[in-house]
Amino acid sequence: MDIVVCIKRVPLIQEVDLEINDAQTGVRDEALAYVINDWDNYAVEEAVILKEQLGGSVTAITVGSEADEEVLRRALAMGADQALRIDPGSRQLDGFVISRILTKAIGTMTYDLILTGVQADDDNGGMVGSMVAEGLGIGHAAVITAINIKDGEAVVHTELEGGMDEVSKVKLPALLSIQTGINEPRYVSIMGIRKARKKELKVTDLESLGLSEDDLTPRTVVEQVFFPPETAGAEMIQGDAGAVAETLLNLLKEKGVSK
Amino acid sequence: MGHIFVIAEHRQGELRDITFEMLYKARALGREHAHTLTAVVLGGPDSGFGDRLAPWADRVVVMEDDRLSAFDADIYTAALLKLVTDEAPFLTLMGHTPWGMDLAPALSVRAGLPVATDCVDILLEEGGPVAIRQIYNGKLYSRVGFKASTGYMMTVRPGAFSLDEAPPEDGAGEVATRALDAEVPESRKEFVEFVDTGGGEVDIAQADLLVSVGRGVGEAENIDAVKALAELLGGTLSCSRPVVDRHWLPKYHQVGTSGKTVKPKVYLALGISGAFQHVAGIAGAGTVIAVNKDGKAPIFRVADYGVVDDLFTVVDALKEKITSG
Ligand SMILES: Cc1cc2nc3c(=O)[nH]c(=O)nc-3n(C[C@H](O)[C@H](O)[C@H](O)COP(=O)(O)OP(=O)(O)OC[C@H]3O[C@@H](n4cnc5c(N)ncnc54)[C@H](O)[C@@H]3O)c2cc1C
């Protein structure tokens with residue numbers, strides 16, 4: 001089973017005051033810390049689990065700058081065999097362009113299965129996987145919470161709304177977008193990442209992939225990034241912990257839910 | 001003057017709310033900009049969906065075929081490609097749902113129409129349509145324009161537009177039945193079954209007070225502190241998705257789109273950022289109280305009361321107050 005897994009490095013946003021850049025088209029990224037996109041972390045783990053069960057190889061790919069290699073090294077440390085970074089240079093990227101780049105790169109490889117995360121924690125777009133599958137002309141399914149490979153087919157669970165899964169059989173090769181919780185991603189130590197430096201990490205640029213100008217033309221353009229519109233918002237309870245607790249308990253009493 | 005298409009979504013014989021939310025928005029846009037509104041529904045034979053959608057749109061296109069009974073991205077893409085090629089709608093809307101996320105991007109590539117996903121608002125401006133989206137889990141918004149095209153696609157966030165229970169009084173769309181006339185490939189997917197994943201010992205949907213814990217709790221061992229508070233308050237413990245993903249609590253505790261929709265009198269959110277998939281599950285809550293270290297967490301935009309502090313500080317202070325009477 002040869003598996004390709006597409007991953008992305010994203011900023012950590014919890015407990016961070018995001019600032020908008022001067023052009024108002026994105027965030028100021030100087031002060032941000034980065035991690036592997038949570039969904040992609042589960043996708044890498046799933047790829048490695050399947051390889052451990054069935055043999056074969058795992059190739060991790062990202063479209064990004066040198067700094068993004070961090071997530072590839074992490075994937076190698078988790079058990080991927082090789083990694084590929086495609087440098088987009090200064091090109092404007094949207095989900096469509098990224099999908100074209102990945103389609104071209106993966107199109108030259110041998111694979112049985114392609115995994116992506118359901119979405120990335122920055123743009124929350126959730127479109128690249130399905131677009132890559134279409135580009136490659138293979139079957140696809142989204143929001144996957146379980147995979148069992150049997151006789152050239154993947155029996156998968158698609159997570160639907162409200163605590164319901166749809167079980168289906170998907171012919172291979174296929175692209176599956178992975179939902180969080182599908183497995184328990186293994187811990188990666190600094191030592192492990194250092195060791196994985198021996199594994200191959202290839203870098204290529206857009207020119208060598210032979211993409212057309214149309215492939216590289218974004219279909220969507222972020223015209224402006226802005227802070228959420230004002231809402232009434234929450235009434236903030238101030239004071240020391242004791243005073244806050246007292247206010248909260250009074251509130252619960254008032255709403256008729258305290259014991 | 002063009003057409004707006006809304007692709008209906010249904011499951012197990014029921015049209016889903018997102019269908020009507022999209023129709024509601026599309027109808028307003030159509031009125032304002034003189035576009036006609038077509039509801040499109042793909043389904044198995046004799047679904048009866050056509051008549052149910054008729055009051056909401058100018059026209060309903062019903063495609064019924066055995067091969068359309070279960071959602072199948074391959075077959076749905078082929079069927080819709082033919083339809084949007086034949087009729088060239090100006091704007092096509094689908095739900096940003098697990099099925100829509102699977103279908104819309106692939107269709108967009110095959111039809112050569114640009115798509116914006118998970119839109120919370122739609123503007124039709126002179127220069128072309130504009131999608132309003134949330135990014136960074138709702139911490140920021142973006143205004144997204146499109147490369148000029150004959151048609152555009154958007155997937156719409158569930159709950160972004162209001163759900164008008166009663167159909168509009170002046171609506172009476174004609175229902176046109178269309179055969180599945182596209183070249184349909186052999187499917188690469190076979191539906192097996194639906195399985196329930198949400199059941200368990202406790203039904204959080206019945207609770208009056210939910211003490212709900214998010215990833216901010218940090219690690220499994222810390223859950224006990226919150227559990228103890230829930231018990232002292234006579235409330236029920238619930239959680240956000242990452243807590244279940246990490247196996248800190250079983251799935252039946254999860255609130256949100258892929259968990260349970262709850263309607264407690266009070267919802268106390270501890271260390272939960274307020275992603276839309278979570279807050280969609282608490283729309284029916286009476287009072288929402290949020291405790292979060294991050295004053296900019298989106299949860300404060302939907303909460304009635306907020307405390308910016310470490311959740312453990314607040315949890316300990318509450319326990320202390322209760323036990324000391
Ligand atoms: C298809 C799909 C379905 C989904 N379904 C659901 C669903 O049903 N339910 C759901 O919840 N999510 C769901 N999600 C995930 C959702 O997008 C978010 O990732 C998730 O809700 C985040 O959970 P959280 O708020 O606990 O974690 P985070 O977003 O990581 O937030 C943690 C918060 O805790 C705060 N914090 C950290 N430490 C402390 C502390 N000591 N004291 C106080 N505050 C602290 C941080 O400031 C932060 O705001 C779904 C996603 C997808 C793509």
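## Ligand site

A polar side-chain atom of Ser273(B) lies 2.6 Å from an oxygen atom of the ligand. This distance, like every other value in this report, comes from a predicted model. Two backbone positions of chain B also approach the ligand: a polar backbone atom of Thr257(B) is 3.1 Å from a ligand oxygen atom, and a polar backbone atom of Gly216(B) is 3.3 Å from a ligand nitrogen atom.

The ligand has 30 residues around it, and those that come nearest are Arg215(B), Ser240(B), Ser258(B), Ser273(B) and Asn292(B). The site is nevertheless shared between chains, because residues from both chain A and chain B surround the ligand.

## Interface between chains A and B

The contact between the chains involves 85 residues of chain A and 88 residues of chain B. About 7,600 Å² of area is buried between them, with carbon and sulfur atoms giving 57% of this. On the side of chain B, the residues that lose the most area to chain A are Tyr136(B), Arg188(B) and Tyr305(B), which together account for 10% of what that side buries.

Polar interactions across the interface comprise 43 residue pairs in polar contact, both members being at pLDDT 80 or more. Helix α4 (residues 98-111) of chain B supplies nine residues, the largest share of the side of chain B that touches chain A. By class, that side has 36 nonpolar, 22 polar and 30 charged residues. The count of salt bridges between the two chains is 12. In one salt bridge, the side chain of Lys251(B) meets that of Glu159(A) at an N to O distance of 3.8 Å.

## A sheet spanning both chains

An open sheet of six strands has the order β13(A)-β17(B)-β16(B)-β15(B)-β13(B)-β14(B), with parallel pairing. The edges are held by β13 of chain A and β14 (236-239) of chain B; each has a single partner strand, so one side of each is left without a neighbour in the sheet.

At one edge, strand β13 (residues 235-236) of chain A pairs in the parallel sense with strand β17 (residues 305-308) of chain B over two bridges. Here Glu235(A) stands opposite Tyr305(B); Tyr305(B) is also among the residues of chain B that lose the most area to chain A. At the other edge, strand β13 (residues 209-213) of chain B is joined to β14(B) by four bridges, the two strands running parallel. Ser212(B) has Ser238(B) in β14(B) as its bridge partner.

## Salt bridges over the whole structure

Over all chains, the structure holds 42 salt bridges. One of them joins the side chains of Glu69(A) and Arg85(A), with an N to O distance of 2.8 Å. Glu69(A) belongs to helix α2 (residues 69-78) of chain A and Arg85(A) to strand β5 (residues 82-87) of chain A, so this pair ties together parts that are 16 residues apart in sequence.

## Backbone exceptions in chain A

Most residues other than glycine have a negative phi, and most peptide bonds are trans. The peptide bond from Leu172(A) to Pro173(A) is cis, with omega near 0°. Pro173(A) lies in the loop between β9 (164-171) and β10 (174-178) of chain A.

Glu15(A) is not a glycine, yet has a positive phi of about 60°. Glu15(A) is placed in the loop between β2 (9-11) and β3 (34-36) of chain A.

Terms used. Residues numbered from 1 in each chain as written. Chains lettered and ligands numbered in written order. Predicted model: local features only at pLDDT ≥ 70, side-chain atom pairs only at ≥ 80, totals over all residues. Heavy atoms only, no water. Contact = heavy atoms within 4.5 Å. Buried area = accessible area lost by both parts, 1.4 Å probe. Salt bridge = Lys/Arg side-chain N within 4 Å of Asp/Glu carboxyl O. Polar contact = N/O pair within 3.5 Å; in protein donor to acceptor, adjacent residues only side chain to side chain. Nonpolar A, V, L, I, M, F, W, Y, C, P; charged D, E, K, R; others polar. Pairing = 2+ DSSP bridges. Near = heavy atom within 4 Å.
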